[in-house]
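Trainee: I should like to work through this model by question and answer. Where should we begin?

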Amino acid sequence: MSAGRPNEVETLPKTQYTRSGDLHIAYQVVGEGPLDLVYVPGWVSHVELAWEEPTLARFLRRLASFSRLIMFDKRGTGLSDRVPNDKLPTLENRVDDLRAVMDAVGSEHAAVFGFSEGGNLGAFFAATYPERTKALALFGTFAKRIWSPDYPWAPKPEDREREYKTIEREWGELADVEHYVPSKAGD
């Protein structure tokens, strides 16, 4: 992969598919380092479009510079098969998807890097398959998403429900960008 200079043509990694149960899971493998590193994305991902966002592409290239980087779209996201709303995946389903991707690329054990919502999946995979987990790194993840007395900084259920409705209503628009990127609002 190139250094990502403007107007430079890059060869993108090939997107491949493996089966997990009845579904196809999209994945890519980049790099040839001595360590297998599985990148578990947050709730929105697309293995091909990730390379079009310069900051994310630069980050992924850095990971691939010292590892064999294994990326995938969880079921229902990106290029992986869709799931009906009444059959949204469980954490166990998604652990199976991660395992299926590792099996497809011949990875017996790997370091698992979970980002945001992917951190919960990474941690659960590590607990379920400790013999396949060489290391676990989490970034921007959380223990749970709903308020409780022992987790008072999370939104209360009614606030979370309002957030879900906003995301659904404004999907594809600026949906709460001022909250997450206040200096870039409207940019």
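Mentor: We begin with a term: a polar contact is a pair of N or O atoms within 3.5 Å, and within protein one of them must be able to donate a hydrogen and the other to accept it. Please keep in mind that the model is predicted.

Trainee: With which residue does the side chain of Arg19 form a polar contact of 2.9 Å?

Mentor: Arg19 belongs to strand E1, residues 16–20. Its side chain reaches the backbone oxygen of Asp22 at 3.3 Å. The contact of 2.9 Å, in contrast, joins two side chains, and the partner of Arg19 is His24.

Trainee: Is Arg19 buried, partly exposed or exposed?

Mentor: Leaving aside neighbours within four places in sequence, Arg19 is in contact with His24 and Ala100. The C-alpha atoms of Arg19 and Val101 are separated by 8.3 Å, although these residues are 82 residues apart along the chain. Buried means under 20% relative accessible area and exposed means over 50%. The value for Arg19 is 46%, so this residue is partly exposed.

Trainee: Which element gives the most residues to the largest nonpolar core?

Mentor: This core has 16 residues, of which Val38, Val40, Phe72, Leu98 and Phe125 touch the most other members. Two or more residues come from each of strands E2 (23–30), E3, E4 (67–72) and E5 (110–115) and from helices H2 (91–104) and H3 (117–128). The element that gives the most, with 4 residues, is H2.

Trainee: How many residues are in the other core, which lies apart from this one?

Mentor: In the largest core, Leu98 touches Val38, Val40, Phe72, Leu121 and Phe125, not counting residues up to four places away in sequence. Apart from that core lies another, with Val30, Val47, Ala50 and Ala57 among its members. Its number of residues is 15.

Trainee: What is the relative accessible area of Lys74, and is this residue buried or exposed?

Mentor: Lys74 forms a salt bridge with Glu117, the closest N and O atoms being 2.6 Å apart. The pair links distant parts of the chain, 43 residues apart: Lys74 is in the loop between E4 and H2, and Glu117 is in helix H3. Lys74 is buried, its relative accessible area being 1%.

Trainee: Why are Asp103 and Arg99 separated by about one helical turn?

Mentor: The structure holds 10 salt bridges. One of them joins Asp103 and Arg99, with the closest N and O atoms 3.0 Å apart. Asp103 is partly exposed at 41% relative accessibility, and Arg99 is partly exposed at 23%. The separation is about one helical turn because both residues are in helix H2, 4 residues apart.

Trainee: Which residues are joined with Lys74 into one network by salt bridges that share partners?

Mentor: A salt bridge of 2.2 Å, N to O, is formed by the side chains of Asp159 and Arg162. These two are 3 residues apart in helix H4 (residues 157–170), so about one helical turn separates them. The network that includes Lys74 is joined through shared partners, and its other residues are Arg94 and Glu117.

Trainee: What is the value of phi for Ser116?

Mentor: Ser116 is placed in the loop between E5 and H3. At 18% relative accessibility, Ser116 counts as buried, since buried means under 20%. Its phi is positive, in a residue other than glycine, and is near 55°.

How values were computed
Residues are numbered from 1 along each chain as its sequence is written. This is a predicted model: local features need pLDDT of at least 70, side-chain atom pairs count only at pLDDT 80 or more; totals for chains, interfaces and linings use all residues. Side-chain values use heavy atoms; hydrogens and water are left out. A nonpolar core is a set of buried Ala, Val, Leu, Ile, Met, Phe, Trp, Tyr and Cys residues joined through side-chain atoms within 4.5 Å. Buried means under 20% relative accessible area, exposed over 50%, partly exposed in between (1.4 Å probe, protein chains only). Contact means heavy atoms within 4.5 Å. A salt bridge is a side-chain nitrogen of Lys or Arg within 4 Å of a carboxyl oxygen of Asp or Glu.
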